[in-house]
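I opened this entry to look up the cysteine links and then the enclosed space. My notes follow in that order.

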Amino acid sequence: MLNVHLVAHTHDDVGWLKTVDQYFYGIQNDVQHAGVQYILDSVISSLLVEPTRRFIYVEIAFFSRWWHQQTNATQEIVRNLVRQGRLEFANGGWVMNDEAATHYGAIIDQMTLGLRFLEDTFGSDGRPHVAWHIDPFGHSREQASLFAQMGFDGFFFGRLDYQDKKVRKKNLEMEQVWRASASLKPPAADLFTSVLPNIYNPPEKLCWDVLCADTPFVEDPSSPEYNAKELVQYFLQLATTQSQSYCTNHIVMTMGSDFQYENANMWFKNLDKLIQLVNAQQANGSRVNVLYSTPACYLWELNKANLTWSVKEDDFFPYADGPHMFWTGFFSSRPALKRYERLSYNFLQVCNQLEVLAGPAANVGPYGYGDSAPLNEAMAVLQHHDAVSGTSRQHVANDYARQLAAGWGPCEVLLSNALAQLSGFKEDFTFCRELNISVCPLSQTAKSFQVTIYNPLGRKVDWMVRLPVSKHVFLVRDPNGTTVPSDVVTLPSSDSQELLFSASVPALGFSIYSVTQVPGQRPQAHNLHSIFQKPSSRVLVIQNEHIRAKFDPDTGLLVEMENLDQNLVLPVHQAFYWYNASMGDNQSSQASGAYIFRPSRQKPLLVSGWAQTHLVKTALVQEVHQNFSAWCSQVVRLYPGQRHLELEWTVGPIPVGDDWGKEVISRFDTALETKGLFYTDSNGREILERRRDYRPTWNLNQTEPVAGNYYPVNSRIYITDGHKQLTVLTDRSQGGSSLSDGSIELMVHRRLLKDDARGVGEPLLEAGSGLWVRGRHLVLLDKAQSAAAGHRLQAEKEVLAPQVVLARGGGAPYHPEVAPRTQFSGLRRELPPSVHLLTLARWGPNTVLLRLEHQFAVGEDSGRCLSSPVTLDLTDLFSTFTITNLQETTLAANQLRAHATRLRWTPNTGPTPHRSPHWLVSANITLQPMEIRTFLASVQWKEDR
């Protein structure tokens, strides 16, 4: 018997053509008919009509909002439906997150938020058993690893490359085991993965929604519209055909699509008839059985089949849905929003940590009510596959930014309360949100002020503080009152000044520096060279004790980088180029747009072959300012002690007056023999090898030699010849590639004049503040065998950078009996370099969520044993609270690890060891390479904190 599992579902984007609120309330239905509140109302009513009906729901951002608006009676009805398995949750994250432009820490946070709501509301009855990513545009290996560590039994998705799908259907590999980590021992990151047959839509002719035009069942033979027999025959043929691409006698059909089921009765009435009429054919010898089902039930049947499954070890990027149609543009779309999201992740972690370190005083204090929840929810919304991806309409992108900004406010109050409590002073704290454009009214006007630098890492950092100031000389004192070196540098581009000083900040703590104007003195004009004409023979060089960078004196471009510690020299040429975006041609009508990258020709055009340069050299910084054009400039920078070259680029507004859409890249060209290989990170964690014009699991017919070789770069991309390695770290997600040996390119900005026909319906013009983008690339040159230490530790500093908070100083004591302090650490001892404190957040009144991560992969020792297992003692690790009880959980903290079980699958690579339950016997914990361990800790705050 062939069993056809019908999955009734709705796919509700948390923002796309309309904002989150517009979708929830059903506003602007002329743009898209969609109202989530009505969908949920209607589904619940229809489920109550017939007990065999089942439905799955996914997006908790919407469901939780709807839930809080229901009466107690309705809530109880819904609880019963969940208990009986008639309403089932799949995935259970706040959103269905994107997989290309998302950082793993933010993915874990948003999944935790959604799953916690379900656990708190429905207990284990509401716990999802399957991951359900039916719409994201390509799938990352790290995402599958995270899902496995969250305890999911399997993973369903809709979109995969059209060539890949064809091969899989032929080879019966639409379902297999995904081995999603090269470091974690199987089956820890193994995840059964099923590709849905119709992306996530109903089969053709079988869409019975108010948004569809398909003919409903007409059973009355006397009606001229009678079609029941024909529809049943059509369905039987459909089921048989589909079953030929799958391995077992169970197949799944998705019955629903975008914002469907607003009139759920239409769907369910016709599905009832379909099930009844098709199953009635069994009396006539039919071997097809149809049932209302859910992905979890379907998966359970596959598991019972006890087959051996093939194993996948790479990922599903890039995704193309046809020749010339590569969805690699969204890796870079809306770079300003992508940066704001990453910056907000950084700020949220600072907010979460201080909420724990200061205890209840962080929430209620002299500055009002501090709260991390609004930013946590806004960040969760941003992970949606049309949010950080940059694939929403402009007014929706503006609303995403609005939500983030609104979330920062309550966190700023929380930080003020916490810093006052921990430092012992009630200062008038100021948060300068516009330091990236050198704007901070307090530092630019005050004669004296305090600078508090908070470090969210588990190790001490030295950080160069840069603040916009007036034209004066300043005295800077460290937490002990000792004067430290400082400089005032004039910015060549604007003639404004910035104060520089190096701050040393302890682990998970802060240092307070004081800045005072020296009366009557003006800063000296620094050694500031301007090169307008081509100088004859002068060599242009910047260097510190670790790095030397040379520039061509004729063009002003970077031409060589040297690692002085390891005596490595690499000629490297860096410049900006742009691809002319295709508007469609005689090969294909496909245009470049928010989703799709399609250049009109393979070779990009130089923005400029030379740069007007200014050289800035002081004791605290050396910089080459390069001006390429009216819309493209860069500062190449070295601070003392820095082991990387910093390239701060500014691009925009991209001119489109010539009617050419432009996609701007920064490209690094070297003579390294890289044999078509390059390496990119997966969501900021493990590294995957990429090969030009190649896919590991099928023979690629390459139709786009540029776009078809682009991959998501969340945090780094590198090339190596086995001896030298050139790594570029990013400050946000970008698309990147190596299109010729020895070359790396990253797309920094794009502005397009035509829509790419994937539903957005407007070109990616980036109106408003998104026109002008500033960002940083950090370039590291290392020996290949020791490069991991450099890029892993620097990437950690990049994603969790120190938070700078200003105050005028002279505030009142927080508490008369408490001695004030100018330096503080939340840790009694630093964490070893291979350990990253991923999460420290409040969970309950006396409970804390703690995640510790081994941030090195197997084989990344770097000569320092960094890939070895590491053991930590959590007893007395934190300075402001004591852990009284520790419970280990799965990654999303919604079930105890000792009680968590997953379905076991047999891969064709041989049996995997059965993992015994993980009982925690002490506060000594060991982390294996790339392992994340999650704990709920009962804590007691110390009185003298």
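I took a disulfide to be a pair of cysteine sulfur atoms within 2.5 Å. I worked on a predicted model, where local features need pLDDT of at least 70, side-chain atom pairs count only at pLDDT 80 or more, and totals for chains, interfaces and linings use all residues. Residues are numbered from 1 along each chain as its sequence is written, and side-chain values use heavy atoms, with hydrogens and water left out.

**Disulfides.** I found three disulfides in the structure, and their pattern is 1-2, 3-4, 5-6 when bonded cysteines are counted along the chain. Cys-432 is joined to Cys-440 with an S to S distance of 1.9 Å, and this link is right-handed, with 40° about the S-S bond. For Cys-351 and Cys-411 the sulfur atoms are 2.1 Å apart, and the torsion about their S-S bond is about -95°, so that disulfide is left-handed. I noted that Cys-351 and Cys-411 are both buried, where buried means under 20% relative accessible area, exposed over 50%, and partly exposed in between (1.4 Å probe, protein chains only). In the disulfide of Cys-207 and Cys-212, Cys-207 counts as buried at 8% relative accessibility, whereas Cys-212 counts as partly exposed at 25%.

**Lining by class.** I then looked up the lining of the largest cavity, which has five nonpolar, six polar and nine charged residues; here Ala, Val, Leu, Ile, Met, Phe, Trp, Tyr, Cys and Pro count as nonpolar, Asp, Glu, Lys and Arg as charged, and the others, Gly among them, as polar. For this, a cavity is a set of points on a 1 Å grid over the protein atoms alone where a 1.4 Å probe fits but cannot get out, and lining residues have an atom within 4 Å of a point.
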